[in-house]
Each structure stands twice: as structure tokens, then as C-alpha cells.
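Reader: Could you take me through the salt bridges in this one, slowly? I'd like a close look at that part, and then whatever surrounds it.

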Amino acid sequence: MKDTRRTRVVLGALLVVALAMITIDYRGGQDSPLSGLRGVGATVFGPVERASASVVRPVGNTFDAVTDAPGERRRADRLARQNQRLREQLRSSRLDQDRSAQLRRLLGTAGMGGYKIHAAQVISAGQGFEDTVTIDAGSRSGVKPDMTVMSADGLVGRVTRVGPATATVLLATDQTSSIGSRLEESKEIGIIQGRGRRGLGRGGATPLRFQLLDAAAPIRVGQRIVTLGSQGQKPYVPGVPIGVVERIERSTSGLTRTAYVRPFVRFTSLDVVAVVVAPPKTDPRDAVLPPKPPPPPTPTPTATPSASKSPKAKPRRSKSPSTNPTRGD
């Protein structure tokens with residue numbers, strides 16, 4: 001179409017008419033005189049609008065998704081980091097609560113024995129042939145070689161090497177460990193020796209061997225053992241719980257008697273421990289041992305109803321011939 005003056009006049013007139021109709025329809029509201037014309041327009045142009053919208057909408061959504069993608073990705077990454085941080089805080093809180101409980105128990109055990117301790121944490125385990133662990137306390141904390149190391153449950157071992165901030169502990173389960181020990185109640189003495197591999201090797205559930213010096217001395221399963229104490233209180237202080245007798249070898253004609261001991265300490269899950277930096281003033285004997293568990297209740301036999309006794313039948317008397325003389329004899 002050529003852009004002539006007549007065309008421009010017609011377009012201007014149509015524009016004026018359209019504006020006038022819009023104004024009249026808007027001001028008329030529901031009673032607009034053009035409501036019928038509006039309905040006709042909706043009927044005619046409605047399908048065209050729906051068809052064009054169905055074509056344009058996916059394109060618009062795709063464009064919005066492309067433009068919003070970087071922001072959504074950043075938001076997802078931010079939420080993932082917040083979630084990870086909250087999980088770490090929860091895990092750290094649980095660890096702190098567990099270690100606080102262990103430390104409270106450890107202070108209670110040390111208080112009963114009169115030990116002066118320095119708390120430490122196990123930070124690594126030895127990978128060689130020795131049963132050792134490394135703790136995060138060294139010479140700066142007053143730790144020295146040949147000091148006793150214990151946990152809230154009992155004896156862990158002794159310090160062998162010391163650095164400024166760390167120390168190496170030889171566990172009681174090591175094959176080279178030799179610990180003077182004493183039975184509770186009877187006070188019989190003997191030597192505890194490790195069997196190696198923290199109880200995961202030949203020792204199994206009883207990684208400690210106890211040799212009673214007097215082969216004729218009484219010993220029974222369930223008896224508990226504590227440290228006897230070393231000369232000068234190094235490397236072992238007295239009274240630290242060691243374990244429970246679980247099995248006793250039959251005594252042969254030897255000079256000693258051997259038993260196998262389950263330790264109180266679980267050497268495969270050491271965490272919070274303590275170095276005894278000063279021994280007790282007096283031997284605590286059996287004071288640090290935990291209370292004995294109550295014996296299991298013995299089942300009482302239930303009385304079963306006895307069978308009703310049937311009355312005994314009286315034996316019939318057989319009539320014996322009379323010994324009285326009859327008349328006429």
C-alpha cells in the first residue's frame with residue numbers, strides 16, 4: 001500500500017473512532033451501549049488470542065528460565081552451603097556433648113583415686129607393630145615419659161615418647177607391656193601382659209593375660225584387677241582398674257597360674273584420656289573400681305498343682321474259717 005494522504009486520513013479517522021469507542025465502553029461499564037459489540041469481538045478474536053498465546057507462552061517461559069537460571073543456581077548453591085554448615089554444627093555439637101560427658105566421668109574417676117591429671121585427646125593410632133596412640137598433650141602440658149595414662153573406664157597405658165605438643169602412649173595390650181597388678185578382695189598380686197593388636201588379634205575379647213604369682217592362691221571368674229603400682233609411682237600408679245577375669249587356665253605343676261582378662265577400656269575407640277601428672281598420696285586400693293552389678297534374680301520355681309489323690313480302697317477281708325467249736329462236736 002502506498003503511503004498517500006488519503007491513507008493517512010483513513011488511519012487517523014479509524015484511530016479516532018477506536019478511541020471514542022473505548023472511552024464510551026469504559027464509561028458505560030456494565031450498561032455500556034457497546035457491550036454487544038464487545039461480546040462479538042471476544043467471540044471472533046478469542047480463539048486467535050488463545051492460539052497466539054499458546055505459541056508465545058513457551059517461548060516466554062524459556063526466555064525467563066534462561067535469564068533466571070544463574071540466579072536460581074546461586075540460590076541453590078547458597079542453600080546447599082547453609083545445609084552443610086548446619087549439619088557440621090549439629091555433628092560438632094553432638095561430639096562436644098559426648099566429650100563433655102567423657103570428661104566429667106574422667107574427672108570423677110580421678111577424684112575417687114586422688115590422681116592429679118591432665119586431660120588429652122587421642123588424635124591418631126600407631127600403624128606399626130606396637131600398640132600405640134598419639135595424644136595432643138606434651139611437655140608444654142607437664143607430660144613426661146613413664147607417666148600413667150587412663151580413661152574414665154580404667155588403665156590405657158603409659159607414656160613412652162614426649163614432644164612439645166604431643167606424646168606417644170604404649171597401650172596395655174601391647175605384647176611388651178608388663179604391669180604389676182592385684183586382685184580385688186584377696187589382694188593377691190600378679191603381672192598383666194598384653195597379647196597385641198588391641199584385642200583384634202589372638203587376644204580376641206580378652207587381650208590381657210594375668211599371671212598370678214602364687215599358683216595356689218584362690219582366683220575366680222568375675223574377679224576384678226587393679227594396678228599394684230610401680231616403685232616411685234612410675235610408670236604405673238596404684239589402684240587404676242584394669243579388667244575382669246573371664247577365663248582361668250587349669251593349673252599344671254607350674255609356679256604361676258594364668259588367667260585371661262577382659263579390660264574395662266575399649267582400646268579400639270579411645271577418645272578422651274588423661275595423663276596422671278601426680279600420683280595419689282595414699283594407695284586407693286579398690287576405691288576406683290566401679291560398683292559391682294547386682295546379681296541377676298534367681299527364678300523362683302512355681303508350684304505345680306499335684307494330682308488329686310484318689311482315696312485308697314480298703315482291702316477286703318477274706319473270711320477265715322472259724323476256729324470256734326460248733327455245737328455237736
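Author: Let's pin the term down: a salt bridge here is a side-chain nitrogen of Lys or Arg within 4 Å of a carboxyl oxygen of Asp or Glu. Keep in mind that this is a predicted model, where local features need pLDDT of at least 70, side-chain atom pairs count only at pLDDT 80 or more, and totals for chains, interfaces and linings use all residues. Numbering starts from 1 along each chain as its sequence is written, and side-chain values use heavy atoms, with hydrogens and water left out.

Searching the whole structure turns up eight salt bridges. Take D271 and R99, whose closest N and O atoms are 3.4 Å apart. D271 sits in the loop between β11 and β12, while R99 belongs to helix α2 (residues 35-113), so this pair ties together parts 172 residues apart in sequence. (Helices, H or I with at least four residues, and strands, E with at least two, are DSSP runs numbered from the N terminus.) With 17% relative accessibility, D271 counts as buried, and R99 at 27% counts as partly exposed; buried means under 20% relative accessible area, exposed over 50%, and partly exposed in between, using a 1.4 Å probe and protein chains only.

Next, E185 and R220 form a salt bridge with their closest N and O atoms 3.1 Å apart. They link distant parts of the chain, 35 residues apart: E185 is in the loop between β6 (178-183) and β7 (189-194), R220 in the loop between β8 and β9 (224-227). E185 is partly exposed at 44%, and R220 is partly exposed too, at 41%. R182, K187 and D286, meanwhile, are linked in a network of salt bridges.

Now for the surroundings. The strands β6-β7-β8-β11-β10-β9 make a closed barrel of six, with antiparallel pairing; two strands pair if DSSP finds at least two bridges between them. Within it, β8 (residues 208-212) and β11 (residues 257-263) run antiparallel and are joined by five bridges, with L208 opposite V261.

As for β12, it pairs antiparallel with β1 (residues 116-125) over six bridges, and I117 has V276 as its bridge partner there. β1 also makes a hairpin with β2, with six residues between them. Those two strands run antiparallel, joined by three bridges, and V122 partners I135.
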